[in-house]
Amino acid sequence: MIEIKKKLFAAFSEDHAILGNGFHILAVQLREGNIDAIKLAANKLDENAGAHIAFEEFDFYPQLKLLDPTIDTDEMYESHNVGLSVIRDIAKLKVNSNDSSAPEEFKQDQLLKISRMENHVAECGELFSIMDTLDTESQENLYLKLLDWRERKPKWTKLSDYRNTN
C-alpha cells in the first residue's frame, strides 16, 4: 500500500507543480507585457496542464466528493473555469501593428484571475491528502487514471471533447 500511495502522491504533486509553475510563468509574462511571450506562455500552460486538469475534474474531484460531501467541489470546477478563461482570453489578444504590449487593464484582469487560480492550486494540493484514506485498490485505480491522462496529453482548452466520452 505504501508504494502505490507514494507513486500516486508523487505523480499528482509533479503535475500540480507543472500547473502552478505554468501560471507563475504566465503571470511574469503578463507583467512584462509582450503579447507574443504571453501567448507562448499561455499555449504551454494549455498543453502542459491539460492532463492534470482532466485528472482532477474527471477522477479526483468525484472521488473527493464521495469521501467528504462537505467539500465544495463546485468551487474547484469554477476555479478551473477561471484559469481556462485566462488561456482563452489570451488566445483572443491581438498584436497592434504599432505596439506589441498587452493593454494594462487586460493584464490586471488576467493577473487577478491567475491569483485566484494560484490560491486554488494551493488549496487543492492540501486536499489531496484525503486520498490517503482510500484503500490500495482505489489508490491504484486513481494512479492508473492519472497515467492515462498523461498518455492522452489533452490540451486544457480541449477537455470539453472528453466530457461526452467519460
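This is a short tour of one helix and then of a pair of packed helices in a predicted model.

**Stop 1: helix H5.** Select residues 136–152, which form helix H5. This helix has 17 residues and reaches 24 Å from its first C-alpha to its last, close to the 24 Å expected at 1.5 Å a residue.

**Stop 2: its two sides.** Now show the side chains of Gln139, Leu142, Tyr143, Leu146 and Trp149, the buried residues of H5. Why do they sit on the same side of H5? They cover an arc of only 120° around the axis, which puts them there together. A general rule helps here: an α-helix has 3.6 residues a turn, so residues three or four places apart point the same way. Next, colour Glu137 and Glu151, which are exposed on the other side of H5.

**Stop 3: the neighbours.** What do the buried residues of H5 pack against? Add helix H1 (2–32), helix H2 (35–67) and helix H6 (160–163) to your view, and you have their partners.

**Stop 4: the two ends.** Go to Asp135, which caps the N-terminal end of H5. One of its side-chain oxygens lies 3.1 Å from the backbone nitrogen of Glu137. Then move to Lys153, just after H5, where phi is positive at about 50°.

**Stop 5: helices H3 and H4.** Finally, select residues 73–92 for H3 and 104–127 for H4. The two helices pack at an angle of about 145°, with their axes 9 Å apart, and H3 passes H4 in a left-handed crossing. To see where they meet, show residues including Met76, Val82 and Ile90 in H3, with Phe106, Ile114 and Leu127 among those in H4.

Note on methods
Residues numbered from 1 in each chain as written. Predicted model: local features only at pLDDT ≥ 70, side-chain atom pairs only at ≥ 80, totals over all residues. Heavy atoms only, no water. Helix = DSSP H or I, 4+ residues; strand = E, 2+ residues; numbered from the N terminus. Expected span 1.5 Å × (residues − 1). Buried < 20%, exposed > 50% of the residue type's maximum accessible area, 1.4 Å probe, protein only. Arc of directions from axis to C-beta. Contact = heavy atoms within 4.5 Å. Polar contact = N/O pair within 3.5 Å; in protein donor to acceptor, adjacent residues only side chain to side chain. Axes fitted to C-alpha atoms, helices over the stretch in contact; angles between N-to-C directions. Left-handed = near helix turned anticlockwise from the far one by under 90°.
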